[in-house]
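Hi,

Here is the structure I promised to pass on. Have a look at it first, and then read my notes below.

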Amino acid sequence: MAKDQNFVCSECNAAFSKWSGKCDACGAWNSITERKPLAASHGSKSLSGRRGQTIELTDLATQEAEPPRTEAGVAELDRVLGGGLVKASALLVGGDPGIGKSTLLLQAAARFARNGLKVIYISGEESAAQVQMRARRLGLEQSPVQLASESNLRDILTTLEAEKPDLVIIDSIQTMWADTVDSAPGSVSQVRASAHELTNFAKKNGIAVIMVGHVTKEGALAGPRVVEHMVDTVLYFEGERGHQFRLLRAVKNRFGPASEIGVFEMTGKGLIEVKNPSALFLSERGKPTPGSVVFAGIEGSRPVLCEIQALVAPSPTAQPRRSVVGWDGSRLAMILAVLESRCGIAFAGLDVYLNVAGGMRINEPAADLAVAAALISAREDAAMGADCVFFGEISLNGTIRQVVQAENRLKEAQKLGFTTAIMPELSKRASAPAMELKQMQDLAGFVNDIFGPRDQAG
């Protein structure tokens, strides 16, 4: 029988059966500490009456199957949450430093407080006076939100047990520290222990807890990935600092659809929701220029139109550059290979730059056709029509494949005044009577139809 692994490395979270000076997993020195039990003892009761017991699936009450929600009154935020805030839920909000996470959550806290919830905002990074200064700048100083500046988890949980709020916001989880873990705040062990304690506290007391998390240079939440599995909902707050647009994206949601997005605009008075993201993303688009096309995409359950820009220029070096912003770089390499192999359009010796305008990030493969059109338009120095939208997935053999929700994409494009759609062949006729639909079977046919016949040399 294996021995209990009661020792853990504070750097990499590896477990060991005995103490040693050096961690065999990550090589860190003096990082192995004894794992102390959590607050629960052998005689403690379960966190709720039903936990640890089995019940019949048919015995679940209807109201438990659909948990009650509290709406914030901000349509974009409620959309991402799946209809509102669920009681006894744990949420994790991640984003780059300075992107606006604290501003978003302070505005959300004020909205929920005005809707009747008792809200406590706990900051481990700023003093209560600093949070109050931000609230005054945002015009929220009269909101019934309680503020606290604390990072000791034991003191925080003691206060919450006494106050019994409906919603708690922890800003941020990397600043919290539990005295049962012998490591510095922000370490893997501390982040995991703090998130675990806060999540259990939320389930036990019926309190909604929102935790703020910073992200790494790679764009993933800092700390162990197990934290994302602990919580019910994981949201990412995205955007470029040079743009005023901000996107709140749900990557996990146990109470609603994932991949839903909410669009906000950053102003001097805080974040303002954008009810028509497509019009905003295309608002700065001028007259048609080579390399610029409009992609009709789907984010979650809503159609979103955005501009894809490409630039192709002779490379001064032997190794041409491939630069991508807002899209997958490996997928760009695939599109370039298909264009050269199936259509005879070579990009050897050419630098390729691709950008999704407005700070938007596209994840769906339906953007393949729009990217290919932008690349060919930039290479041939031929502008596409200003009233044309593109969507379709490209396979390795050059076939343009169908995508989901084609009808919703066409309706959104038609609503914004577009008259032509270049798209894959559909199994059924899409309802867009006011639009001209050019349905393409493969990429070679698309190139011949739009840019004229080409020989294999390109």
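A quick definition before anything else: a residue counts as buried when its relative accessible area is under 20%. Ser278 has a relative accessibility of 0%, so it falls in the buried class. Do keep in mind that this is a predicted model.

Where does Ser278 sit? You'll find Ser278 in helix α8, which covers residues 277-281. If you skip the neighbours within four places in sequence, Ser278 touches Pro303, Val304, Leu305, Glu412 and Leu416.

Now for the sheet. Nine strands make up an open sheet with mixed pairing, and going across you meet them in the order β8-β7-β9-β10-β6-β11-β12-β13-β14. The edges are β8 (145-149) and β14 (270-273); each has a single partner strand, so one side of each has no neighbour in the sheet. From one strand to the next, the twist averages 25°.

As a reminder, strands in a sheet pair through backbone hydrogen bonds, and they can do so parallel or antiparallel. Which way do β6 and β10 run? Strand β6 (residues 90-95) and strand β10 (residues 208-214) are parallel, with six bridges joining them. To pick out one pairing, Gly94 has Gly213 in β10 as its bridge partner.

Two helices to look at along with the sheet are α5 and α6. Helix α5 packs on the sheet, where it touches β7 (119-123), β8 and β9 (167-171), and its direction makes about 170° with that of β7. Helix α6 lies across β6, β9 and β10, and it runs at about 160° to β10.

These helices also meet each other. The axes of α5 (residues 153-163) and α6 (residues 188-205) come within 11 Å and cross at roughly 10°, which means that α5 is roughly parallel to α6. On the α5 side the contact is made by Leu153, Leu157, Leu160 and Glu161, and on the α6 side by Ser194, Glu197, Leu198 and Phe201. Sorted by class, that contact of α5 with α6 has five nonpolar, one polar and two charged residues.

Finally, take a look at another helix pair. Helix α9 (residues 329-343) packs with helix α10 (residues 368-380) at an angle of about 65°, their axes 10 Å apart, and the crossing of α9 and α10 is right-handed. From α9, Arg331, Leu332, Met334, Ile335, Leu336 and Leu339 meet Asp368, Val371, Ala372, Leu375 and Ile376 of α10. By class, the contact of α9 with α10 has nine nonpolar and two charged residues, with no polar ones.

Cheers

Note on methods
Residues numbered from 1 in each chain as written. Predicted model: local features only at pLDDT ≥ 70, side-chain atom pairs only at ≥ 80, totals over all residues. Heavy atoms only, no water. Axes fitted to C-alpha atoms, helices over the stretch in contact; angles between N-to-C directions. Helix = DSSP H or I, 4+ residues; strand = E, 2+ residues; numbered from the N terminus. Left-handed = near helix turned anticlockwise from the far one by under 90°. Contact = heavy atoms within 4.5 Å. Nonpolar A, V, L, I, M, F, W, Y, C, P; charged D, E, K, R; others polar. Parallel < 35°, antiparallel > 145°, perpendicular 65-115°, else oblique. Pairing = 2+ DSSP bridges. Buried < 20%, exposed > 50% of the residue type's maximum accessible area, 1.4 Å probe, protein only.
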